[in-house]
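Biologist: I'm still new to reading structures, so please pick one part of this one and walk me through it slowly. Start wherever you like, and then show me what sits around it.

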Amino acid sequence: MKNLKVLLITTSHNQLGNTSEKTGVWLEELAGPYFQYLDQGADIAIASPKGGIVPLDPKSELPEWQTEFTRRFNQDTTALKAIKNTFKISDINPSEFDILFFPGGHGPMWDLGDNPEVANLINGFNSHDKPIGLVCHGVVALKGVKTKDGSSFVKGKRLTSFTNTEEEAVGLTEVVPFLLETELINEGAIYRKGNDWSEFTIEDGNLITGQNPQSSVLAAQKTLELITAK
């Protein structure tokens, strides 16, 4: 798609709560969407709260979690350069982009929710009915976002995210600062989910959400379908 411009927002957070383990972006959730957009001819910018290097979750780089997209990403010099020198969110003008996308990984749970800069981006895209895609823990970017009338952005919206049962399965229920599914419901979302670890996405207007890493590619594809339909 000629002249398509996509903004990917990643976490800057690399510490897994009070543990000694590292976290960050889940590689597949970055790589899968990245190539959905790149292969459509899009220009892609990557930004984060602090700018600079994107922390990748070490577990997402283990052999058992590699996909065709992660392998391709690790061989793409342009992509590797981009994640070493991201823009700061505060330096981004949302009017310059067509699609906004938030990959997950546990890192976003500490720095993308209740974030005024993130909220400004989301409201900026939403005010122009531009596609907003979020996957897995990246959906936390919607937490705390308010509309012009002061109500919760997610109130009455159909969406999904990494589920409480998936969090329990990875043993991090007591490590994360809150349970994302629970918080979204508390803010008024109409929460839906598929089976754990299954591909599952929800579309509500210009908002596309994906449940887990298995849903990252489909979520990105659906944002492209919204652009095509305009």
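Modeller: Let's start with Asn 93, which counts as partly exposed because its relative accessible area is 36%, a value between the 20% and 50% cut-offs. Keep in mind as we go that this is a predicted model. Asn 93 belongs to the loop between E3 and E4. If you follow the chain from Asn 93 to Leu 121, you pass along 28 residues in sequence, yet their C-alpha atoms are 8.3 Å apart in space.

Now look at Ile 89, which is also in the loop between strand E3 (87-88) and E4. Ile 89 has a relative accessible area of 3%, so it is buried. Try the same trick with Val 217: Ile 89 and Val 217 are 128 residues apart in sequence, and their C-alpha atoms are 23 Å apart.

Where do we go from this loop? Strand E4 (residues 99-102) holds Phe 101, and that residue takes us over to helix H1, where Tyr 37 sits. Let's make H1 our main stop.

First, a quick check with a ruler. Helix H1 covers residues 27-38, and at 1.5 Å a residue its 12 residues should span 16 Å. The C-alpha atoms at its two ends are 16 Å apart, so the expected span and the model agree. Next, how many residues of H1 are buried? The count is 11 of the 12, which means that the helix is largely enclosed by the rest of the structure. Among the buried ones are Leu 27, Leu 30, Ala 31, Pro 33, Tyr 34, Phe 35 and Tyr 37. Glu 28, Glu 29 and Gln 36 are on the buried list too.

While you have a helix on screen, here's a handy rule. An α-helix makes a turn every 3.6 residues, so residues three or four places apart point the same way.

What about the rings? The structure holds 6 aromatic pairs. One of them joins Trp 26 and Trp 65 edge-to-face, with 5.5 Å from centre to centre and 75° between the planes. Those two are 39 residues apart, so to speak from distant parts of the chain: Trp 26 is in the loop between strand E1 (5-9) and H1, while Trp 65 is in the loop between strand E2 (43-48) and helix H2 (68-73). Buried or exposed? Trp 26 is buried, because its relative accessible area is 14%, whereas Trp 65, at 43%, counts as partly exposed.

Then there's the Tyr 37 and Phe 101 pair, also edge-to-face, with 6.1 Å between the centres and 70° between the planes. This pair links parts of the chain that are 64 residues apart, H1 on one side and E4 on the other. Both rings belong to buried residues. H1 has further aromatic links as well: ring pairs connect Tyr 34, Phe 35 and Phe 73 into a cluster.

Finally, let's see which hollows are around here. Trp 26 is one of the residues closest to the centre of the largest pocket, along with Asp 57, Lys 59, His 106 and Val 170. That pocket holds about 390 Å³ of space. Its lining residues divide into 10 nonpolar, 4 polar and 5 charged.

The second largest pocket, with a volume of about 180 Å³, brings us back to our helix. Tyr 34 and Leu 38 are in its lining, together with residues including Ile 44, Thr 78, Asn 85 and Phe 87. H1, E2 and helix H3 (77-82) each supply at least two of the lining residues, and E2 gives the most, with 3. Which classes do they fall into? The lining has 8 nonpolar and 3 polar residues, and no charged ones.

So there's your tour. From the loop with Asn 93 we reached H1, a helix largely enclosed by the rest of the structure, since 11 of its 12 residues are buried. Tyr 34 is a good residue to click on last: it is buried, it is part of the ring cluster with Phe 35 and Phe 73, and it helps line the second largest pocket.

Key
Residues numbered from 1 in each chain as written. Predicted model: local features only at pLDDT ≥ 70, side-chain atom pairs only at ≥ 80, totals over all residues. Heavy atoms only, no water. Helix = DSSP H or I, 4+ residues; strand = E, 2+ residues; numbered from the N terminus. Expected span 1.5 Å × (residues − 1). Buried < 20%, exposed > 50% of the residue type's maximum accessible area, 1.4 Å probe, protein only. Phe/Tyr/Trp six-rings, centres within 6.5 Å; stacked < 30°, edge-to-face > 60°. 1 Å grid on protein atoms, 1.4 Å probe; cavity = no way out; pocket = protein on both sides within 12 Å on 5 of 7 lines; lining within 4 Å. Points joined across faces, edges and corners; volume = space filled by probe spheres on them. Nonpolar A, V, L, I, M, F, W, Y, C, P; charged D, E, K, R; others polar.
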